[in-house]
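Biologist: Please show me the model. Then I will ask how each label is earned.
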Amino acid sequence: MAMQLLPFHKPEITDEDVQSVVETLRSGWLTTGPKVKRFEEDFAKYLGCAHAVAVNSGTAALHLALDAIGIKEGDEVIVPTLTFAATAEVVIYFKANPVLVDCRPDTLNLDPDRIEKAITPRTKAIIPVHLAGQPCEMDRILELARQYNLKVIEDAAHALPASYHGKNVGAMGDITCFSFYATKTITTGEGGMATTENADWARRMRMMSLHGISLDAWDRYTDKGSWYYEIIHPGYKYNLTDIAAALGIEQLKRCNRFWEARRRIAGHYHEAFADLPEIQVPACASNIQHAWHLYVIQINAERLRINRQDFIKALKKENIGTSVHFIPLHLHPFYRDSFGYQPGDFPQASAVFQRIVSLPIYPAMTEADVRDVIVAVRKLVQEYRR
Ligand SMILES: Cc1ncc(COP(=O)(O)O)c(C=O)c1O
């Protein structure tokens, strides 16, 4: 048993990360400037996309993406119910309506078969969420979007680095939104990035991320620029700081190594739980690269004398921290009360929610940590087997 609580997540912060942030602090330039520009360039190069716009959260990236494609009051945007608050709340910022869609029971991603049924004349966009880091069925989603003239804004908060049929997530749909929140696959503490091939959308997102003014602070306050600026549209204060970007630049250099480490842990878990019918390991589609941001197991309640909630409590007693991704949106008071959603409207997500547990998976875990998780899960299964 682990000697002390293994946290659900712990970011890997190296001396290089610390030094990069300290250098920025000492440089005299703290807010959006050369480090942000470099982070954007490095990110675009890493993914092979034309434009990358850095912002201060993944939520801000989603908000700016919907603004760029012109979402208006009364529009409808298709969103999976099994996601985080951010994916749907940004739709509501526009007084538009998020239309929830159920997940597939295997990958837990948005079910393309159900998307078409949710399309109405008011539908303007789809936000597929690459849950846990596994890309959605993008061929079918992009084909539906083409057929019905919809935009596709990918929520890739979990999906760095991931690919679908050889194409990197971030260089595929109309706009892709990443998060660098503390628990994500690379972190800037708080931060996000929107990527696109469309120069007009990139320009609009950049402008709206800084009050809708025509020049960014870097140009205004260096000898490249001047005091003059014009407000084109009332925008937002979503710009990333150079302090955060300094961390992002260093983290991005290790993105592939981080991914290798998570993939190895996922492989150990797969192997260790393969013979347990009580535990369903994550289903992985073919011809994709899974980012393995999360490792979500499903507890098979028919075979165990313990429910998901008590399973989590028992794992905690074994000193293993876990989490749940996510409580489906339709079960939350706001969505239930505002849209009249019932649990039965989304049978897959409602059922899956009772069974899911996210196990720790991050590069700072040692081999012993991984073993502790495996031993704890196997011990509970043995103890509570029917
Ligand atoms: C699926 C999903 N979308 C969007 C976000 C929002 O990202 P951020 O916290 O950077 O705003 C998150 C963050 O946890 C997320 O999990």
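Modeller: Start with a definition: two strands pair if DSSP finds at least two bridges between them. Strands (E, at least two residues) and helices (H or I, at least four) are DSSP runs, numbered from the N terminus. This is a predicted model, where local features need pLDDT of at least 70, side-chain atom pairs count only at pLDDT 80 or more, and totals for chains, interfaces and linings use all residues. Residues are numbered from 1 along each chain as its sequence is written, and side-chain values use heavy atoms, with hydrogens and water left out.

Biologist: How do you know that S4 and S5 pair?

Modeller: Strand S4 (residues 123-126) and strand S5 (residues 151-155) share two bridges, in the parallel sense. The definition asks for at least two, so they pair. Ile126 stands opposite Val152 in S5.

Biologist: What makes S1 and S3 edge strands?

Modeller: The open sheet runs S1-S9-S8-S5-S4-S2-S3, with mixed pairing. S1 (51-55) and S3 (97-101) each pair on one side only.

Biologist: Why is H3 called oblique to H7?

Modeller: Helix H3 (residues 58-68) and helix H7 (residues 199-208) pack at about 125°, with axes 9 Å apart. Axes are lines fitted to C-alpha atoms, for helices over the stretch in contact (heavy atoms within 4.5 Å). Angles run from 0 to 180 degrees between N-to-C directions. Under 35 degrees is roughly parallel, over 145 roughly antiparallel, 65 to 115 roughly perpendicular, and the rest oblique. That makes H3 oblique to H7.

Biologist: Which residues make the contact?

Modeller: Leu64, Ala65, Asp67 and Ala68 of H3 meet Trp201, Arg204, Met205 and Met208 of H7.
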